[in-house]
Amino acid sequence: MKVAVGSDHRGVRIRAKVVEVLHRLGHEVIDVGTFVDGPCDYPDIAVLVARKIRVGEVDRGILICGTGIGMAIAANKFPGIRAAPCYDDLTAELSRLHNDANVLCLSGDMLGPRLVERIVDIWLRTGFEGGRHSRRLQKIREMECRNGKL
């Protein structure tokens with residue numbers, strides 16, 4: 001799988017761990033940074049990952065900021081992006097099973113390296129359950145069309 005990874009300044013340490021885990025699991029990684037010293041704005045990074053997914057350059061994305069929430073909000077502004085902040089095994093699994101999340105958002109401040117490794121592994125291995133969840137995702141796509149996102 002091809003995965004784009006990005007973080008703001010608060011997620012740099014965890015981003016390095018995520019890239020290491022992805023390589024070890026055999027995935028191709030596109031690291032979009034940040035590569036600057038000092039603060040940067042998380043929406044600038046979220047847009048880079050979201051666009052790569054939208055154009056089919058990558059299969060999924062992983063974004064890291066202080067909480068993961070800001071990245072999720074920014075990435076979800078793009079049609080077809082389903083970004084979910086995940087903090088444990090269950091949220092990682094359900095974001096894929098029920099929501100077919102294509103962007104995993106992590107906290108650079110609240111998660112340790114072992115938990116990050118577990119979350120990433122679960123999120124990458126878990127498929128979409130389909131069924132009633134497909135109907136719900138179709139409703140989201142229709143909402144995006146009605147609200148001018150497509």
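R135 is found in helix 6, which spans residues 132-146 of this predicted model. With a relative accessibility of 48%, R135 counts as partly exposed, because the exposed class begins only over 50%. On the surface, R135 gathers with R132, R136 and K139 in a patch of positive charge. Membership of such a patch requires over 30% relative accessible area and no salt bridge.

From this surface patch, the description turns to the interior. The largest nonpolar core holds 23 residues, and those with the most contacts inside it are V5, V18, L22, I62, L104, L106 and V120. At least two residues of this core come from each of strand 1 (2-7), helix 1 (12-24), strand 3 (60-65), strand 5 (103-107) and helix 5 (113-125). Helix 5 gives the most, with six residues.

Charged pairs form the next topic. Side chains of opposite charge can pair when their charged atoms come close. The structure holds twelve salt bridges. One of them joins K2 to E28, with the closest N and O atoms 3.7 Å apart. This pair links distant parts of the chain, since K2 belongs to strand 1 and E28 to strand 2 (residues 28-31), 26 residues apart. Both partners are partly exposed: K2 has a relative accessible area of 25%, and E28 has a relative accessibility of 46%.

Helix 5, already met as a contributor to the core, also takes part in salt bridges. E117 pairs with R24, the closest N and O atoms being 2.6 Å apart. Because E117 lies in helix 5 and R24 in helix 1, the pair ties together parts that are 93 residues apart in sequence. E117 is partly exposed, at a relative accessible area of 25%, and R24 is likewise partly exposed, at 47%. The two residues also belong to a network of salt bridges that links K17, E20, R24 and E117.

A further salt bridge lies within helix 5 itself, where the side chains of D121 and R125 meet at 3.0 Å, N to O. These residues are four positions apart in the helix and are therefore separated by about one helical turn. D121 is partly exposed, with a relative accessible area of 24%, whereas R125 counts as exposed at 60% relative accessibility.

Helix 5 thus joins the two themes of this account: it supplies six residues to the largest nonpolar core, and it carries E117, the salt-bridge partner of R24 in helix 1.

Conventions:
Residues are numbered from 1 along each chain as its sequence is written. This is a predicted model: local features need pLDDT of at least 70, side-chain atom pairs count only at pLDDT 80 or more; totals for chains, interfaces and linings use all residues. Side-chain values use heavy atoms; hydrogens and water are left out. Patches are made of residues with over 30% relative accessible area and no salt bridge: like charges are joined within 9 Å, nonpolar side chains (Val, Leu, Ile, Met, Phe, Trp, Tyr) within 5 Å. Accessible areas come from the Shrake-Rupley method with a 1.4 Å probe; for residues, only the protein chains shown count as cover. A salt bridge is a side-chain nitrogen of Lys or Arg within 4 Å of a carboxyl oxygen of Asp or Glu. Lys and Arg count as positive and Asp and Glu as negative; His and the chain ends are not counted. The place of a charge is taken as NZ of Lys, CZ of Arg, CG of Asp or CD of Glu. Buried means under 20% relative accessible area, exposed over 50%, partly exposed in between (1.4 Å probe, protein chains only). A nonpolar core is a set of buried Ala, Val, Leu, Ile, Met, Phe, Trp, Tyr and Cys residues joined through side-chain atoms within 4.5 Å.
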